[in-house]
Amino acid sequence: VEFVTNKTVTESTPPTTETETFTKTETGCKSSFTCVLPIECPIHVRKEKVEACPLAMRMGICCNTGRNFTENSHGSKRRHFKNINHISIQSLNEMAVHKAKINTRAHSKLERSSPSFSHYRNSKISFDVDLSPVFHVADRAMEMVLATGLYKEKEAFSQEEIEWGISSENLKTTTLERLCPVPPKCPPNAPIYRHIDGSCNNKHRPDAGMPLTTYTRLLPASYGDGVYTPRVSKHEGKPLPSARAVSSSIFEDHDNPNYNFTMMVMQFGQFLTHDITHGIDNRHENGEAISCCLKEGSGEIPVDDRHPACMPIEIPKEDPFYWYFEQRCMNFVRSVIAPRHDCTLGYAEQMNKVTHYLDGSVIYGSNPAETNKLRSHHGGKLKIFDDFGRDLLPTDAESDACVGSDDGSACFFAGDTRVNQMIALVAVHLLFHREHNRVAEELAYLNSDWDDEKLFLEARRIVIAEFQVITYKEFLPAVIGHESMEEFGLYLQEGLSYSYDYDHKVDVSISNEFASAAFRYGHSIVEGYLKIYGMKRMSEIIDLPEIMFNPSRMRKVEFFDQILSTLTTEPIQEVDNSISESLSRYMFKGGNPFGVDLASINIQRGRDHGMRPYNDYRQLVGLDRIYAFEEFGPVLGRKLKRLYASVDDIDLWVGGLLEPKYSGGLVGTTFKDIIGDQFSRLRKGDRFFFEHSPKNNPEAFTPEQLQELRKASMSRLICDNSDRIYLNNQALNAFRKPGVPGNEFADCSGPVIPRINLQYWKD
Ligand code: HEM
Ligand SMILES: [Ca+2]
């Protein structure tokens, strides 16, 4: 499988074939090399010498390996499989032992009322039918990891060799074939509408971007044993500092608002996250939540007694907060893994539960069964809960989905299982849900002969396009700034033109670095409470933990408008060394005096997923490595030095948040590049991206329709789908400070906030 990277070539004329975007650039690189951004050529981190080359805005690197970081520049040391039959039998045995451990150890489960249970809720697998496919894939991946360990031992592979990739031989030719993923069968004619599960989007790799496949990586994983155990210190192989110790020392809560941006940057960011990535925690075979801590949190369950997926977070005795509650252990369960798509042996790769594509899966679900459950099957619409005349999301019948179930409470169901996690997220879900039904209704009016199926698919296609427009036109420029938008070629086309940068060689998958670190920058911008305004004055201040998995307020008539007003007027917090206590002390607290700590969980998740240390990513994006803790400044430097044994141990999420901002954006250079690269691949690697031309894209719009779709905005979405009780005015750009010159409030009914004219969809 090729992993040739996306190119920075910008075409002025439409190419004639898909592959033509790969013609040579005039960059001075040797013939088989192309000039790309450093992040698009991981190999340079390993090579002594790379040729630099000029790109429009900074220096690039002449690259011939692209994203294929396992390419060995020092001549192939890879070996052919020997004794594979033997390994195959042994790995089967080891797998049996692994399963026995799971089944014979005390079946420790979480209390339903505990904060950790809501953390498990957050990684919920939606139906019973989902559980067995997940286990099926995960078990095969685990056996491959065990086989890799055996192979490593037998062949005396070094840690480095495993990182480089021990063999590119496909297991399909061996007795381990039983572990290989089976790609989907695609219909002979290209599908007209994108498949719900993302299959067959890429003709050359039909499983690309599908649910239950692995994240890609920008750099090789770093595991303690090279294969799966968590990373250890560069200094004498000691354990890394406790994730909670890092969290409580570095990420204290201090108020540092950024008035340039509204809370919508936060809330839309989380919604967008949920479309493209969902790592899930391991669970007991009957689906129940695993507990890794002793009852009452007084310590860890000993290694030999607990589930093998346990990786509990140690809480130091002197913890400034948990000390009061005598908590010494925070639950943490490792993520489910999946087999590599090319079916080779190697270290563990984590599984993404949702479609990697930016395809509205957060609205419509990631598999046909989910979509079916969401559709009303009338007039192309999605199901709703009619709450005395107001359309709300359909309700979730599962008793565990939310905290509490009193009379008048509500718990919702949507395309993503995390929907109830916090009430402002529910609000954004509802906006898109109502928009789908609004569009379907209008299409039905224009085309009376369209049936339910056609109306559903056409409305979905339009709503996905609107989602993509809002992401690339309004949201991303706020996060990474104008310069990076230009550099990664992320801006949308204008007027009637199509884009021609689809490239089937671009790997669309979400990178593990993006999901487990860079895009979690969003946790730093969360404000710990929601200010709710009445007609004249503030009516309520809601602490976030109070509305986590508890969205019943959505049933109050005025609440939807009120929360939308809050989201579009209140500021975010700065991306910095501060996390709200709502997330770092009280997250998911429910009725308890304390909750779990998201900052610790992020750090631990990075280690679970084999993230390399921060310094390696600095080098990847072209920054100098850090050599002394003092480079972080006197105060943070001192704190970091006390925690980490080496500067080469610092976790990616930690280092990335502490970086100075990159010009015009919210995040530093490292996160900016990881995010820019991801959103570049999300459009170049998606044949159905809304503005791709009919040459590649069977779902392409007409030029006139495209021109209309590019008018989409979060503000229009709000104007058209709020209840219009409290909310009649809206600033043009919902992500930026409202009521200032250039972003004045305008009447929703007037012409200032553009509308999409659906007349262009009349047959
Ligand atoms: C109140 C707000 C939020 C809460 C309570 C929250 C909570 C969580 C939780 C519990 C997880 C799972 C952690 C784990 O087990 O590893 C998570 C993951 C994540 N969050 Fe947030 N989050 C919030 C806002 C945001 C925002 C604003 C963004 C981005 C702009 C964001 C980005 C992410 C990402 C990228 C992941 C990883 C998802 C995955 O790959 O599974 N979150 N969040
Ligand atoms: Ca998706």
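**Exercise 1. Determine whether H523 is buried or exposed, and place it in the fold.**

Step 1. H523 has 24 other C-beta atoms within 10 Å, so it is buried. The cut-offs are 20 or more other C-beta atoms within 10 Å for buried, 12 or fewer for exposed, and partly exposed in between, with C-beta atoms placed from the backbone.

The model is predicted: local features need pLDDT of at least 70, side-chain atom pairs count only at pLDDT 80 or more, and totals for chains, interfaces and linings use all residues. Residues are numbered from 1 along each chain as its sequence is written, while chains are lettered from A and ligands numbered from 1 in the order in which they are written.

Step 2. H523 lies in the loop between α11 (512-516) and β12 (529-533). Helices (H or I, at least four residues) and strands (E, at least two) are DSSP runs numbered from the N terminus.

Step 3. Setting aside residues up to four places away in sequence, H523 touches I579, L583, L598 and N602; contact means C-beta atoms, placed from the backbone, within 7 Å.

Step 4. An unreviewed UniProt entry annotates H523 as "binding site". UniProt positions follow the numbering used here, feature names are shortened, and annotations may be inferred rather than shown by experiment.

**Exercise 2. Describe which residues surround ligand 1.**

Step 1. The shell holds 23 residues, the closest being G269, T277, G279, A515 and G522. A residue is near the ligand if its C-beta atom, placed from the backbone, lies within 6 Å of it.

Step 2. At least two shell residues come from each of α2 (115-122), α6 (263-276) and α14 (598-608). The largest share, four residues, is that of α6.

Step 3. By type, the shell has ten nonpolar, eleven polar and two charged residues. Here Ala, Val, Leu, Ile, Met, Phe, Trp, Tyr, Cys and Pro count as nonpolar, Asp, Glu, Lys and Arg as charged, and the others, Gly among them, as polar.

**Exercise 3. Assess how α14 is covered.**

Step 1. Eleven of the eleven residues of α14 are buried; L598 and N602 are among them. Both of these residues are also contacts of H523.

Step 2. The cover over the buried residues of α14 includes α5 (243-250), β6 (313-314), β7 (329-330), α11, α13 (581-584) and α17 (652-658).

Step 3. Just after α14, G610 has a positive phi of about 70°.

**Exercise 4. Characterise P316, in the loop between β6 and β7.**

Step 1. P316 counts as partly exposed because it has 15 C-beta neighbours inside 10 Å.

Step 2. Beyond four places in sequence, P316 contacts S242, R244 and A245.

Step 3. From P316 to K295 the separation is 21 residues in sequence and 17 Å in space, C-alpha to C-alpha.

**Exercise 5. Give the strand order of the open sheet of three strands.**

Step 1. The order is β4-β9-β8, with antiparallel pairing. The edge strands, β4 (213-214) and β8 (337-338), each pair on one side only. Strands pair if DSSP finds at least two bridges between them.

Step 2. β8 pairs with β9 (residues 349-352) over two bridges, and I337 stands opposite Q350 in β9.

**Exercise 6. Judge the overall form of the protein.**

Step 1. The protein has 20 helices and 16 strands. Its radius of gyration is 25 Å, close to the 27 Å of the globule rule for 763 residues, so the protein is as compact as a globular protein of that length. The radius is taken over C-alpha atoms, and the rule is 2.2 Å times the number of residues to the power 0.38.

Step 2. Buried residues make up 54% of the 763.

Key. Contact = placed C-beta atoms within 7 Å.
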